[in-house]
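Reader: I am new to protein models. Could you walk me through this one, feature by feature?

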Amino acid sequence: MELSSLPHGVTIGANDSLCPKRHGVLTLGDTIALAKGRVHEVLGESADCFALTVAANLKGPVIWIGLGRDIASLNPCAVQDFIDPLRLTIVEAVSRQEALWSCEQALRAQGIQCVILELVRGIDLKESRRFQLAAEESGTIGLILISGRAHTSAADTRWHCTPSFDGEMSWDWACTKSRHGGLGTWRVKWTEGKDGSNTIHLVATAAA
């Protein structure tokens, strides 16, 4: 992955100099850094694209968990634009509690690079602390995709992602909460490189 420079050298997400170093960070160019071994929340119509973009920058297995009604919209043809579908394991839970339990177990498992959990109602402080402890054990990045309301939580960052309507594979990403500084909104464009690799370009600062 490549990431173009942000205007004015702004850093969004987790500031690399302040991120926990135990498991390192996932960096997209010099502008976005997500702490590994931590849990991050994502809201908005394009939350799934954010999750797939993160997964595309990691190697190894990805687990996607949710109730049947929430994960039914996952389209293999769309997923393969980002990652090899063979990397993806989908877990269909029968209740919220089962989804939370599955996520905690997956976050704790060694060798899993990214765990994605789809929920309508966001995790609370107690649930998020359990997830953080589990992720810290393994170094996995946890992404909680929330289609409804978010609550006070211990998540490392919170993002709101919407389509920009500037064309295909283009979104506005807003970092609305970060324990390490660097809030803002940017326009992100995903293109396929000439060598077959995928590329993210932060093409402009989006309007507030």
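Reader: Where does pLDDT stay under 50?

Author: Here is the general idea: where pLDDT is low, the predicted coordinates should not be read in detail. This is a predicted model, and its pLDDT stays under 50 over residues 193-197, a stretch with 4 contacts beyond four places in sequence. Residues 203-208 are also below 50, and the model gives this stretch 11 contacts beyond near neighbours in sequence. For the chain, the average pLDDT is 81, and 79% of the residues score at least 70.

Reader: Thanks! How many helices and strands are in the chain?

Author: The chain has 5 helices and 12 strands. Of its 208 residues, 52% count as buried. Take the contacts between residues at least 6 apart in sequence: 67% of them join residues at least 24 apart.

Reader: Next, the interior. Which residues have the most contacts inside the largest nonpolar core?

Author: They are F50, W64, L143 and W159, in a core of 33 residues. Several elements each supply at least two residues of this core, including β3 (32-35), β5 (62-67), β9 (157-163) and β11 (184-192). Helix α1 gives the most, with 8 residues. There is also a second, separate core of 22 residues, which includes V39, A99, F131 and I144.

Reader: How many of the residues of α1 are buried?

Author: The count is 9 of 10, so α1 is largely enclosed by the rest of the structure. Among the buried ones are A47, C49, F50, L52 and V54. F50 is worth finding on your screen: leaving aside its neighbours within four places in sequence, F50 is in contact with L34, V42, L143, W159, C161 and W173.

Reader: Now a helix with two sides, please. Which residues of α5 are buried?

Author: First the general idea: an α-helix has 3.6 residues a turn, so residues three or four places apart point the same way. In α5 the buried residues are E127, S128, F131, Q132, A134, A135 and S138. Seen down the axis of α5, these residues fall within an arc of 170°, so they line one face of the helix. The face turned away from that buried side carries the exposed residues K126 and L133.

Reader: What do the buried residues of α5 pack against?

Author: They pack against β4 (39-43), α4 (96-108), β7 and β8. As for its length, α5 covers residues 125-138, which is 14 residues, and reaches 21 Å from its first C-alpha to its last, close to the 20 Å expected.

Reader: You mentioned α4. Is S102, which sits in that helix, buried or exposed?

Author: S102 has 14% relative accessibility, under the 20% cut-off, so S102 counts as buried. Apart from neighbours within four places in sequence, S102 is in contact with I65 and V91.

Reader: Last topic: aromatic rings. How are W171 and W173 paired?

Author: In general, a pair of aromatic rings is described by the distance of the centres and the angle of the planes. The count for this structure comes to 5 aromatic pairs. W171 and W173 form a stacked pair, with 6.2 Å centre to centre and 15° between the planes. Both are buried: W171 has 4% relative accessibility, and W173 has a relative accessible area of 2%.

Reader: Which residues do ring pairs link into a cluster?

Author: The cluster consists of F50, F82, W159, W171 and W173. You have met F50 and W159 already, as residues with the most contacts inside the largest nonpolar core.

Terms used:
Residues numbered from 1 in each chain as written. Predicted model: local features only at pLDDT ≥ 70, side-chain atom pairs only at ≥ 80, totals over all residues. Heavy atoms only, no water. Core = buried A, V, L, I, M, F, W, Y, C linked by side-chain atoms within 4.5 Å. Buried < 20%, exposed > 50% of the residue type's maximum accessible area, 1.4 Å probe, protein only. Helix = DSSP H or I, 4+ residues; strand = E, 2+ residues; numbered from the N terminus. Contact = heavy atoms within 4.5 Å. pLDDT = per-residue confidence, 0-100. Phe/Tyr/Trp six-rings, centres within 6.5 Å; stacked < 30°, edge-to-face > 60°. Expected span 1.5 Å × (residues − 1). Arc of directions from axis to C-beta.
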